[in-house]
Amino acid sequence: MAVSPRHLSRLFREALHITPAKFIEQVRFDTARSLLDGGMSVTDSAFISGFGSLEAQRRAFVSQLGVSPRVYQRRVPCSLLAEASRPLFPPCSSRDMAVRG
């Protein structure tokens, strides 16, 4: 692109109104959230989405949502997620899908 890293960062911020680092964190957060919504474990979602550690993922979730990834995942009803039919991610287990009365 024939520009310095610093100038590229300025152009990025000017175009998207966010720093490159914050953009990458947001992409990782969105990916991890989608993986958790699909029923993936917290550990797997952290590393597949590109977080360097579970703590980095936890910090991102607390910053964005005010809760840890595990608390977030427990708040999302698995039966609703199954209806969304996300073929790229493992489905919820039948035990999670059972109607509780």
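In the predicted model, Leu-36 lies within helix 2, the element that spans residues 20-37. The relative accessibility computed for Leu-36 is 2%, and this residue therefore counts as buried, the cut-off for that class being under 20%. Across the sequence, Leu-36 is separated from Pro-69 by 33 residues, yet the C-alpha atoms of Leu-36 and Pro-69 are placed 7.9 Å from each other in space.

A contrasting environment is found at Met-1, which belongs to the segment preceding helix 1 (5-16). With a relative accessible area of 85%, Met-1 is classed as exposed, because the threshold for that class is over 50%. Met-1 also contributes to a nonpolar patch on the surface, which is formed together with Val-3, Leu-8 and Leu-11 and which covers about 400 Å².

Charged side chains were examined next. Side chains of opposite charge can pair when their charged atoms come close. Under the criterion applied, in which a side-chain nitrogen of Lys or Arg must lie within 4 Å of a carboxyl oxygen of Asp or Glu, two salt bridges are counted in the model. One of them links the side chains of Glu-55 and Arg-58, with an N to O distance of 2.8 Å. Glu-55 and Arg-58 both belong to helix 4, which comprises residues 54-65, and because three residues separate their positions along this helix, the two are set about one helical turn apart. Relative accessibility is 36% for Glu-55, so that this residue is assigned to the partly exposed class, and Arg-58, at 34%, is likewise assigned as partly exposed.

The salt bridge between Arg-59 and Glu-55 is formed by their side chains at an N to O distance of 3.8 Å, a value that satisfies the criterion because the limit is set at within 4 Å. Here the spacing is four residues in helix 4, which again places the partners, Arg-59 and Glu-55, about one helical turn from each other. Arg-59 has a relative accessible area of 47% and is accordingly described as partly exposed. Through salt bridges with shared partners, Glu-55, Arg-58 and Arg-59 are joined into one network. Glu-55 takes part in the pairing with Arg-58 and also in the pairing with Arg-59, and this acidic residue is thus the partner that the two bridges share.

Definitions and conventions. Residues are numbered from 1 along each chain as its sequence is written. This is a predicted model: local features need pLDDT of at least 70, side-chain atom pairs count only at pLDDT 80 or more; totals for chains, interfaces and linings use all residues. Side-chain values use heavy atoms; hydrogens and water are left out. Buried means under 20% relative accessible area, exposed over 50%, partly exposed in between (1.4 Å probe, protein chains only). Patches are made of residues with over 30% relative accessible area and no salt bridge: like charges are joined within 9 Å, nonpolar side chains (Val, Leu, Ile, Met, Phe, Trp, Tyr) within 5 Å. Accessible areas come from the Shrake-Rupley method with a 1.4 Å probe; for residues, only the protein chains shown count as cover.
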